Amino acid sequence: MKTTRPRQYWDDYASRFKNRSLAEAYELRPPYPEEMYRILLSLLGESRRKVLDVGCGPGKIARLLVDHVDSVDAVDFSQEMIRVGKSLINGNHPDLRWINGRVEEVPLYPPYDMVTAGASIHWMEWSAVFPRFKEVLTTDGYLVIIDGDRPIGSPWHDAELSLIHKYSTNRHYAQIDLIQELVNRRHLHLIGDKYTTPIRFSQPLIDYVQSFHSRASMSKEHMGTENVRAFDTELSHILSDFVDDKGLLSFQLEARVSWGKPLAQDQAL
């Protein structure tokens with residue numbers, strides 16, 4: 001099957017999420033704001049029954065949502081991500097079912113009242129998953145795509161971005177509006193699109209720096225030891241002026257929550 005994704009999201013990059021070091025760094029990413037979860041529950045309404053979380057990673061969405069619904073099925077093709085997720089809070093919740101495999105082909109247990117996806121939807125085969133999402137959702141169920149675990153409006157943004165471009169191992173990367181891309185390719189009928197209110201978040205500088213190695217373009221295995229050390233040192237230097245006396249870096253966070261109906265036909269452009 002010819003891929004419908006942009007080149008920067010092909011499988012040779014996606015497979016990096018199976019690396020142990022990447023999975024173990026994932027929990028260092030900033031969290032989603034609590035408001036994002038309130039939006040999910042409001043979209044579920046009274047039918048808080050069954051949710052499918054695809055490309056779940058270590059369960060960043062699934063582990064927090066499972067306390068508020070009947071059950072969550074969390075799917076990821078990385079055994080390492082699921083291993084890490086099971087070790088975290090709610091990772092062994094009786095109503096959370098981990099499913100290891102590609103969501104394009106693993107057995108699922110519909111119907112689902114909602115399908116959630118983080119930025120991992122970048123890496124899926126769109127012409128296969130969107131028809132499948134439509135098939136497993138209830139008639140009034142939504143596909144919800146969440147993005148937003150990076151600082152917004154930080155004073156170090158430009159210097160940090162320049163450093164990322166210097167060391168990134170994804171040479172095909174280009175900035176796109178994922179939601180608009182999915183709408184344009186007729187995979188998604190968009191109904192709602194909302195940004196959460198910005199909140200302030202603080203974390204240790206070392207955790208913030210290490211969180212970059214949970215991203216495919218900055219995986220330690222592909223950067224190599226020398227480049228990892230150089231990147232960490234240079235980024236720490238850039239951020240040193242913004243760290244408080246406790247070694248904490250503070251910044252604003254927001255999440256984009258987009259929801260709609262997946263389209264069954266493959267009309268990718």
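## Arginine 215

Arginine 215 is buried in this predicted model, because its relative accessible area is 10%, which falls under the 20% limit that defines a buried residue. The residue sits in the loop that runs between helix 9 (205-211) and helix 10 (220-223).

The side chain of arginine 215 reaches the side chain of aspartate 149 in a polar contact of 3.4 Å. Once its neighbours within four places in sequence are set aside, the residues in contact with arginine 215 are Leu22, Arg29, Asp149 and Arg150, so that Asp149 appears both in this list and as the partner in the polar contact.

## Methionine 218

The loop between helix 9 and helix 10 also holds methionine 218, which has a relative accessibility of 1% and therefore counts as buried. Apart from neighbours within four places in sequence, methionine 218 is in contact with Ile164, Tyr167, Ser168, Thr169, Phe212, His213, Met223 and Phe231.

As for distance along and across the chain, methionine 218 and glutamate 135 are 83 residues apart in sequence, and their C-alpha atoms are separated by 35 Å.

## The second largest pocket

The second largest pocket has a volume of about 240 Å³. It is lined by 15 residues, of which Glu27, Arg29, Pro30, Pro31 and Lys60 are the closest to its centre; Arg29 is also one of the residues in contact with arginine 215.

Sorted by class, the lining of this pocket consists of 9 nonpolar, 5 charged and 1 polar residues. Helix 4 (62-65) and strand 7 (199-204) each contribute at least two residues to the lining.

## Nonpolar cores

The largest nonpolar core comprises 26 residues, and within it Met36, Leu40 and Val144 have the most contacts. At least two residues of this core come from each of helix 3 (34-44), helix 4, strand 2 (71-76), strand 3 (96-100), strand 5 (137-147) and strand 9 (256-262), with helix 3 giving the largest share, 7 residues. Helix 4 thus has a place both in this core and in the lining of the second largest pocket.

Leucine 40, leaving aside its neighbours within four places in sequence, is in contact with Ile61, Leu65, Met114, Thr116, Val144 and Ile146. Apart from the largest core lies another, made up of 24 residues, including Val106, Met124, Val129 and Phe133.

Conventions: Residues numbered from 1 in each chain as written. Predicted model: local features only at pLDDT ≥ 70, side-chain atom pairs only at ≥ 80, totals over all residues. Heavy atoms only, no water. Helix = DSSP H or I, 4+ residues; strand = E, 2+ residues; numbered from the N terminus. Buried < 20%, exposed > 50% of the residue type's maximum accessible area, 1.4 Å probe, protein only. Polar contact = N/O pair within 3.5 Å; in protein donor to acceptor, adjacent residues only side chain to side chain. Contact = heavy atoms within 4.5 Å. 1 Å grid on protein atoms, 1.4 Å probe; cavity = no way out; pocket = protein on both sides within 12 Å on 5 of 7 lines; lining within 4 Å. Points joined across faces, edges and corners; volume = space filled by probe spheres on them. Nonpolar A, V, L, I, M, F, W, Y, C, P; charged D, E, K, R; others polar. Core = buried A, V, L, I, M, F, W, Y, C linked by side-chain atoms within 4.5 Å.
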